Amino acid sequence: GDDLRFVDGVVGETLAYEIVRWNDGGVSEVWVKVPRIEAGEVHRVWMYFGNVGAPPEQSASGPWTGYTSVVHLDPSLTDSVAPTLPPTPIGTTDVAGVAGRARALNGYSDRLELPDEARFDRTSGFTVSAWFRLDFWGADWDAIVTKGDQAFRLHRCWWTNEVGFSLSYTDGTRDQCAGDVNDGQWHFLAPPSASKRTYPRPPPAALRARDVSAEKPPGAGWR
């Protein structure tokens, strides 16, 4: 994959890309940073290859400028932004995901732990996103992605089948819950956190969950 190049078909710019998995003669996994695609737009990206003398230009962090952490959940569990600080698996099983690999968790004790670092001490102006497929809930307020109970938390809303996002339990800052995700389908969860609002006033857009059941691959996991 050293000779791969991606070019935006509209403006002609070379695009940053990351090779997550390369398989000669088989299926490979590559992330490409496209600046913007409008709804309903046909946006072409040209892929060039075949120059055996071309130097490698892929960069694990290249497509993720401005991100704090990006973990694709491939078997290596490498963080593309901070490769020296990968998450530590506690239990979990490597399975097929929406794109590439994922991790199946038992709903109780399994988890992925990231180091407790200052880069995760965010209180506003950020987004936490994840591909997620639920087989069952393990408990009320189940965590999906969390900095801890007293910081940002993407989680089950109490005993419901909805998902919500909280910035802090200590000062009552919460957003509203949205989306029934207990349907065995894949959902992309991306609640924004542009500013803190005091409960019960939610942010203007609390949660966007998209049903992608038509794209669901075999297996189960979190992504």
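The paragraphs below lead through a predicted model, taking up a buried acidic residue, then pairs of aromatic rings, and finally a disulfide.

A good place to begin is Asp 8, which lies in strand 1, a strand made of residues 5-8. Asp 8 is buried and yet has no salt bridge, and the nearest side chain of opposite charge, that of Arg 44, is 10 Å away. The side chain of Asp 8 does, however, make a polar contact with the side chain of His 43, at 3.1 Å. If residues up to four places away in sequence are left aside, Asp 8 touches Glu 13, Leu 15, Val 34, Pro 35, His 43 and Arg 44.

The next topic is the aromatic rings. A pair of such rings is described by the distance of the centres and the angle of the planes. The structure holds 10 aromatic pairs. In one of them, the rings of Phe 126 and Phe 165 have centres 6.0 Å apart and planes at 70°, and because an angle over 60 degrees counts as edge-to-face, that is how this pair is classed. Phe 126 belongs to strand 9 (residues 126-127) and Phe 165 to strand 13 (residues 163-168), so that the pair links distant parts of the chain, 39 residues apart. Phe 126 is buried, since its relative accessible area of 9% is under the 20% limit, and Phe 165, with a relative accessible area of 4%, is buried as well.

Another pair is formed by Trp 141 and Trp 158, whose ring centres are 6.2 Å apart and whose planes meet at 20°, so the pair is stacked. This pair, too, links distant parts of the chain, for Trp 141 sits in the loop between strand 10 and strand 11, while Trp 158 sits in the loop between strand 12 and strand 13, 17 residues apart. Trp 141 is partly exposed, with a relative accessible area of 27%, and Trp 158 is partly exposed at 46%. Elsewhere, Trp 31, Trp 64 and Tyr 67 form one aromatic cluster.

Last comes the disulfide, of which the count is one. Cys 157 and Cys 177 form this disulfide, with their sulfur atoms 1.8 Å apart, and the link is left-handed, with -100° about the S-S bond. Cys 157 lies in the loop between strand 12 and strand 13, and Cys 177 in the loop between strand 14 and strand 15, so the pair ties together parts that are 20 residues apart in sequence. Cys 157 counts as buried at 3% relative accessibility, whereas Cys 177 is partly exposed, with a relative accessible area of 30%.

Definitions and conventions. Residues are numbered from 1 along each chain as its sequence is written. This is a predicted model: local features need pLDDT of at least 70, side-chain atom pairs count only at pLDDT 80 or more; totals for chains, interfaces and linings use all residues. Side-chain values use heavy atoms; hydrogens and water are left out. Helices (H or I, at least four residues) and strands (E, at least two) are DSSP runs, numbered from the N terminus. Buried means under 20% relative accessible area, exposed over 50%, partly exposed in between (1.4 Å probe, protein chains only). Lys and Arg count as positive and Asp and Glu as negative; His and the chain ends are not counted. A salt bridge is a side-chain nitrogen of Lys or Arg within 4 Å of a carboxyl oxygen of Asp or Glu. A polar contact is a pair of N or O atoms within 3.5 Å; within protein, one must be able to donate a hydrogen and the other to accept it, and residues adjacent in sequence count only if both atoms are side-chain atoms. Contact means heavy atoms within 4.5 Å. Rings of Phe, Tyr and Trp (its six-membered ring) pair if their centres lie within 6.5 Å; planes under 30 degrees apart count as stacked, over 60 as edge-to-face and the rest as tilted. A disulfide is a pair of cysteine sulfur atoms within 2.5 Å.
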